[in-house]
Structure formats: structure tokens, C-alpha cells
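This briefing covers a predicted model. The points below are grouped by topic and can be read alongside the sequence and coordinates.

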Amino acid sequence: MTFREYRRYMEENPQLQEQNNRGGGRGGRRGSYHGGGHHGGGSHIIKGMDIQALVDRLQRANNQAGVAHELELAREKHREVFESGKALTAIISSVARRRNMNLAKAIWDWIDHVGIPKNTFHYNSMISACEKVKDYRKALNLMNEMKEKNIAKNEVTYVPKCFVS
């Protein structure tokens, strides 16, 4: 999706612009999808899986192989959360908050390597990561990739902060 296409879509759907202006787009979205939000000490728990602790371990991994190893261990221990897609979305979102694009990219590549199908929520998390480091071209490329792969977009996808004045 080009910037022009995005603007046209927003003009045709003013309720999305209003939602973003009220803070209903990205940011602040928690609730059941993320397993109830944060729990003491900055931890983020989804069905027994401590996302923040995993992200800490991923950040200490020195290379792609170390990241892959940590993700595999977590996937084995918390298969249900990984299969639902919630774990990877939360992991990418957490990495995005830390503005660690190298780690976000390593996780993104691992998803492809192990053959986990990427969904709307994975893409939204990665687009958000790109926005946080002001890599707007990559965010647009991800939106185009969604289109090419016929991955559904939602109001979060269409309301990236980088395009709202």
C-alpha cells in the first residue's frame, strides 16, 4: 500500500481517523488478546509464559542462532501460546517497545524459518516496531507484503501513527 492509497482509504473511512485521534488505534491495546495485560514487576504473562523474561533472554543472545534457540525452548514449553499466535505478537510488541529492530528482525526471520504462518497481528506488531524506530519505508513495505500475501488488514493496520498528523 502506498502512502497515497493509505490517505485515500483514510478519507473513505473517517471513523478510523477519529479512532486514532482518540487513542483507539495502536497503543494502549491490551485485554484478552494479550492475556490480561501486565502483571507486577513489569512482567507480561500469557498463559504462564513470561514474555518480558523471554525478551530479556533474547536480548542476551549474541546471534541469530542464540535467538532461534531461545525461541525454540519457549515454543516447546508453551506450544499452545505459540500456536495461537499470541506469543509471537506479544514478543514482537515487547521488542518494539525496547526499540530493538535487530532483534525484531531476527524473530521475524525465525518465524519464516520454522514455517509459522504470519497473521494480521504479527504484521501489526512488526509495523509498530518499524514506526517506533521511524522506519516508515519498512512499515509501508510490510503493508504491501500483507496485500501480496492476502493477509487481512484491520483498523490497527490502517492507522499507523507515522501517517497521522
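**Val81 and its surroundings**

Val81 lies in helix α5, which spans residues 79-84. The notes start from this residue, then turn to the core, two helices and the salt bridges.

- Val81 has a relative accessible area of 4%, and it counts as buried because that value falls under the 20% cut-off.
- Leaving out residues up to four places away in sequence, Val81 touches Ile46, Lys47, Met49, Lys86 and Ala87.
- Gly48 is 33 residues from Val81 along the chain, and the C-alpha atoms of the two are separated by 9.2 Å.
- His78 sits in the loop between α4 and α5.
- The relative accessible area of His78 is 15%, so His78 is buried as well.
- Outside its neighbours within four places in sequence, His78 is in contact with Lys47, Gly48 and Met49.

**The largest nonpolar core**

- In soluble globular proteins, nonpolar side chains tend to be buried together.
- The largest nonpolar core here has 39 residues, and Met49, Ile91 and Ile107 touch the most other members.
- The elements that give two or more residues to this core are α3, α4, α5, α6, α7, α8 (120-132) and α9.
- Helix α7 gives the most to this core, with eight residues.
- Met49 is in contact with His44, Leu54, Ala74, His78, Val81, Phe82, Ala87 and Ile91, leaving aside its neighbours within four places in sequence.

**Helix α3**

- The buried residues of α3 are Ile51, Gln52, Leu54, Val55 and Leu58.
- These residues lie on the same side of α3 because they cover an arc of only 160° around the axis.
- Asp50 caps the N-terminal end of α3, with a side-chain oxygen 3.2 Å from the backbone nitrogen of Gln52.

**Helix α9**

- Helix α9 runs over residues 136-148 and has 13 residues. From its first C-alpha to its last it reaches 18 Å, close to the 18 Å expected at 1.5 Å a residue.
- Which residues of α9 are buried? They are Ala139, Leu140, Leu142, Met143 and Met146.
- The arc covered by these buried residues is only 155° around the axis, so they fall on the same side of α9.
- Arg137 and Glu148 are exposed on the other side of α9.
- Just after α9, Asn150 takes a positive phi of about 55°.

**Salt bridges**

- Side chains of opposite charge can pair when their charged atoms come close.
- How many salt bridges does a search of the whole structure find? The search finds nine.
- Asp56 and Arg98 meet through their side chains in a salt bridge, at 2.7 Å from N to O.
- This pair links distant parts of the chain, 42 residues apart: Asp56 is in helix α3 (residues 51-60), and Arg98 is in the loop between α6 (86-97) and α7 (101-114).
- Asp56 is partly exposed, with a relative accessible area of 32%, and Arg98 is also partly exposed, at 30% relative accessibility.
- Arg75 and Glu72 form a salt bridge through their side chains, at 3.7 Å from N to O.
- Both Arg75 and Glu72 lie in helix α4 (residues 64-77), where they are three residues apart, about one turn of the helix.
- Arg75 counts as buried at 18% relative accessibility, whereas Glu72 counts as partly exposed at 27%.
- The side chains of Asp109 and Lys105 meet in a salt bridge at 2.8 Å, N to O.
- Asp109 and Lys105 are four residues apart in helix α7, so about one helical turn separates them.
- Asp109 counts as partly exposed at 30% relative accessibility, and Lys105 is partly exposed with a relative accessible area of 37%.
- Glu76, Arg79 and Glu83 are joined into one network by salt bridges that share partners.

Note on methods. Residues numbered from 1 in each chain as written. Predicted model: local features only at pLDDT ≥ 70, side-chain atom pairs only at ≥ 80, totals over all residues. Heavy atoms only, no water. Expected span 1.5 Å × (residues − 1). Buried < 20%, exposed > 50% of the residue type's maximum accessible area, 1.4 Å probe, protein only. Arc of directions from axis to C-beta. Salt bridge = Lys/Arg side-chain N within 4 Å of Asp/Glu carboxyl O. Contact = heavy atoms within 4.5 Å. Polar contact = N/O pair within 3.5 Å; in protein donor to acceptor, adjacent residues only side chain to side chain. Core = buried A, V, L, I, M, F, W, Y, C linked by side-chain atoms within 4.5 Å.
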